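Here is a short briefing on one protein chain. Please keep the sequence and the model open while you read.

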Amino acid sequence: MKLRDYRPEDRAACLAAFDSNIPWFFSVEERERFGCFLDDLPGRYAVICDDDGAVVGCGGLAPTREDPRVAALTWGLVHSSLHGQGYGKALTEGRLAWLADMPEIELVRIDTSHLTMDFYARRGFRLLQRIEDFYQPGLDRCDMELVVRR
């Protein structure tokens, strides 16, 4: 697997990976928002490729507008057929490695579902709040943060 910067020609593969995760991890209503996000990226965004070079997932990291000391993990996902094979871990670790070039960042935040909350907790993120049925019935929002510098 290989992490590389996102290119506009990756859009269709990223949308296909997104679609593979509906309705378990994303709602169908979020697809348009994700497509608009890909068209106007707020920060750095990458794709993760399999050994043949095919795009199988994507995710980013962007400083927040509200606080220059805080960054957010943005739209991280892996094709559902590849869950549990290390792609999500590599994607997350790769994005967090970008922090070496961002010394001003002290906290990383993410809003994710309760289905992936434990994945991020194993990487040091702590739960700030959980909002039941936020994304859709049965799909809770979990706001989490990771302290990277004090």
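Trp75 is found in strand E4. The model is predicted. Trp75 has an unusual backbone angle for its residue type, and its ring belongs to an aromatic cluster; both points come first below.

**Trp75 and the backbone**

- Phi of Trp75 is near 35 degrees, which is a positive value in a residue other than glycine.
- Most residues other than glycine have a negative phi, and most peptide bonds are trans.
- Trp75 counts as buried because its relative accessibility is 16%, and the cut-off for buried is under 20%.
- Asp133 also has a positive phi without being glycine, with a value near 55 degrees.
- Asp133 belongs to strand E6.
- Asp133 has 43% relative accessibility, so Asp133 counts as partly exposed.
- The peptide bond from Ile22 to Pro23 is cis, and its omega is near 5 degrees.
- Pro23 sits in the loop between H1 and H2.

**Aromatic pairs**

- The model holds 11 aromatic pairs.
- Tyr6 and Tyr45 make an edge-to-face pair, with 5.7 Å centre to centre and 75 degrees between the planes.
- Tyr6 lies in the loop between E1 and H1 and Tyr45 in strand E2, so this pair ties together parts that are 39 residues apart in sequence.
- Tyr6 and Tyr45 are both buried.
- Phe34 and Trp75 make a tilted pair, with 5.0 Å centre to centre and 45 degrees between the planes.
- Phe34 is in helix H2 and Trp75 in strand E4, so the pair links distant parts of the chain, 41 residues apart.
- Phe34 counts as buried because its relative accessibility is 0%.
- A cluster linked by ring pairs takes in Tyr6, Phe18, Phe26, Phe34, Phe37, Tyr45 and Trp75.

**Charges over rings**

- Arg123 places its charged end over the ring of Phe119, 3.9 Å from the ring centre.
- Arg141 lies over the face of Phe134, 5.0 Å from the centre of that ring.

**The sheet**

- Seven strands form an open sheet in the order E1-E2-E3-E4-E5-E7-E6, and their pairing is mixed.
- Strand E1 (2–5) and strand E6 (126–136) are the edge strands, each pairing on one side only.
- From one strand to the next, the twist averages 25 degrees.
- E3 and E4 run antiparallel and are joined by six bridges.
- Gly57 stands opposite Val78, which is in E4.
- Helix H3 (residues 87–97) packs on the sheet.
- H3 touches E1, E2, E3, E4, strand E5 (107–113) and strand E7 (139–147).
- The direction of H3 makes about 155 degrees with that of E4.

**Helix H1 and its cover**

- Which residues of helix H1 (residues 11–20) are buried? They are Cys14, Leu15, Ala17, Phe18 and Ser20.
- The cover over these buried residues of H1 includes helix H2 (30–39).
- Three strands are also listed in that cover: strand E2 (44–49), strand E3 (55–63) and strand E4 (70–78).
- Phe18, one of the buried residues of H1, is also a member of the ring cluster.

**Asn21 after H1**

- Asn21 lies in the loop between H1 and H2, and Pro23 of the cis bond is placed in that loop too.
- Asn21 counts as buried because its relative accessibility is 2%.
- What does the side chain of Asn21 reach with its polar atoms? One polar atom of that side chain lies 2.9 Å from the backbone oxygen of Ala17.
- The backbone oxygen of Val78 also lies 2.9 Å from a polar atom of the Asn21 side chain.
- Ala17 is among the buried residues of H1, and Val78 is the residue in E4 opposite Gly57.
- Leaving aside residues up to four places away in sequence, Asn21 touches Phe26, Leu77, Val78, His79, Ser80 and His83.
- Phe26, one of these contacts, is in the ring cluster with Trp75.

Notes. Residues numbered from 1 in each chain as written. Predicted model: local features only at pLDDT ≥ 70, side-chain atom pairs only at ≥ 80, totals over all residues. Heavy atoms only, no water. Buried < 20%, exposed > 50% of the residue type's maximum accessible area, 1.4 Å probe, protein only. Helix = DSSP H or I, 4+ residues; strand = E, 2+ residues; numbered from the N terminus. Contact = heavy atoms within 4.5 Å. Polar contact = N/O pair within 3.5 Å; in protein donor to acceptor, adjacent residues only side chain to side chain. Pairing = 2+ DSSP bridges. Axes fitted to C-alpha atoms, helices over the stretch in contact; angles between N-to-C directions. Phe/Tyr/Trp six-rings, centres within 6.5 Å; stacked < 30°, edge-to-face > 60°. Lys NZ or Arg CZ within 6 Å of the ring centre and 35° of its normal.
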